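Dear colleague,

Please find below the structure I am handing over to you. My findings follow it.

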Amino acid sequence: APIAKVGGLGDVVVALARAVQDAGNLVEVILPKYQFFNQSPILGSMEHECEFEWGGTRVVVHRCFVEGIQVFFIDPMNNMFSVDSVYGRNDDGVKFDFFCNAALEFLLQSARQPDILHCHDWSTAEVAPAYWSKYHHNGLWKPKVVFTIHNMNYGQQKIGQASFHAQLTTTVSPSYASEVSGHPAVSQNLHKFYGVRNGIDPDLWGPETDQFLPLNYTADTHEEGKRRARQAIQERFNLTWGSDAPIVAVVSRLTGQKGLDLIKHSVGHSLMRGAQFVLLGSAPDPKVQGDFNALAGRHQGPNCAFCFAFDEPLSHLVYAAADIILVPSMFEPCGLTQMISMRYGAIPCVRATGGLRDTGFDVDT
């Protein structure tokens, strides 16, 4: 599991790092050391790697293995990352620019010469121009830069700079690449712009070995495995126990991108058609959260449950219990929910956009 997860980026970086390492390559990940990492059960005891003066402060670098991958944590003594969330502050851009340059300085100071610097989204876009302007001719000579866009909706100026300076720019599905190809952030660099579909790590997302399920199952034993997961969900949320009604579920951040009106509409329709409905997720916008609190007040009962939280273990159980997973996104660069749901034997019901189009098929065609 990822240490920090905001949407699917954390899952993708973990899965990709493990896959590239399994192919025989050396993979190292660099992250800021946020204050909330101190409470992470995933991290064991961090070890000291090195420290150096940079950017007007002392920068300490720690190391720890996460899911078999060596991860380094940039910890500046100016307390820049002594915060309890990844995003959401007015100085996010300043923080991420500092991190990108400090990470490059760490590579230089530790005499590393990676073949590829792979940076993800606007928050690490600064790596591409900073590397070529400050580090390539000053000792860190070997790397080429790959930049991956996971969502074009944020930091478009930064994305444009990175796509210009990177040797290769990718996004996370062929359809999304086509949808955004006219955007000025990438339109001048289409000769080095590719859509490469995301995937999930079957070792981390698989009902055969999933530690969060009451009973592991395979394609041959799915009926009993999903029945046990269904009963666990019904018990947890006080739903009608033993009901054979299909479970329709949503596992999602509640943001405009995710098709909020369609999610709201699906609650009443699911109940009217005799299904049980479960929603797991929360909204960063208080107004949106208030709307869903009111929705829960109207519908929560013996066949409908809302859990407004980020709960990774519970999400595994919901996927296993569900018969149908709704992913009605307005746009979706790739999406992992639909792939996870199929892995757990639930039918994804999606809009034909971006990566949802590339990973699903229409039952009518």
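Isoleucine 3 sits in the segment that precedes helix α1 (9–22) of this predicted model. With a relative accessibility of 14%, isoleucine 3 counts as buried, because the cut-off for that class is under 20%. Beyond the neighbours within four places in sequence, isoleucine 3 has contacts with Leu31, Phe37, Ser40, Ile42, Leu43, Val66, Val71 and Phe73. As to leucine 31, 28 residues separate it from isoleucine 3 in sequence, and the C-alpha to C-alpha distance between the two is 9.7 Å.

A second point concerns lysine 226, which belongs to helix α6 (residues 222–236). Lysine 226 is buried but forms no salt bridge. Aspartate 323 offers the nearest side chain of opposite charge, at 5.7 Å, whereas a salt bridge requires a separation within 4 Å. The side chain of lysine 226 does, however, reach the backbone oxygen of tyrosine 344 at 3.0 Å. Tyr344 is also one of the contacts of lysine 226 outside its neighbours within four places in sequence; the others are Tyr217, Tyr319, Ala320, Ala321, Ala322, Gly345 and Ala346.

Finally, I draw your attention to two paired strands. Strand β10 (residues 276–280) runs parallel to β11, and four bridges join them. Leucine 280 has cysteine 307 in β11 as its bridge partner. Between these strands the chain passes through helix α8 (residues 286–299), giving a right-handed β-α-β crossover. Strand β11 (residues 304–307) is covered on both faces: Cys304 and Phe306 are buried on one side, and Ala305 and Cys307 on the other.

With kind regards

Note on methods. Residues are numbered from 1 along each chain as its sequence is written. This is a predicted model: local features need pLDDT of at least 70, side-chain atom pairs count only at pLDDT 80 or more; totals for chains, interfaces and linings use all residues. Side-chain values use heavy atoms; hydrogens and water are left out. Buried means under 20% relative accessible area, exposed over 50%, partly exposed in between (1.4 Å probe, protein chains only). Lys and Arg count as positive and Asp and Glu as negative; His and the chain ends are not counted. A polar contact is a pair of N or O atoms within 3.5 Å; within protein, one must be able to donate a hydrogen and the other to accept it, and residues adjacent in sequence count only if both atoms are side-chain atoms. Contact means heavy atoms within 4.5 Å. Two strands pair if DSSP finds at least two bridges between them. A crossover is right-handed if, with the strands pointing away from the viewer, the path from the first strand over the helix to the second runs clockwise.
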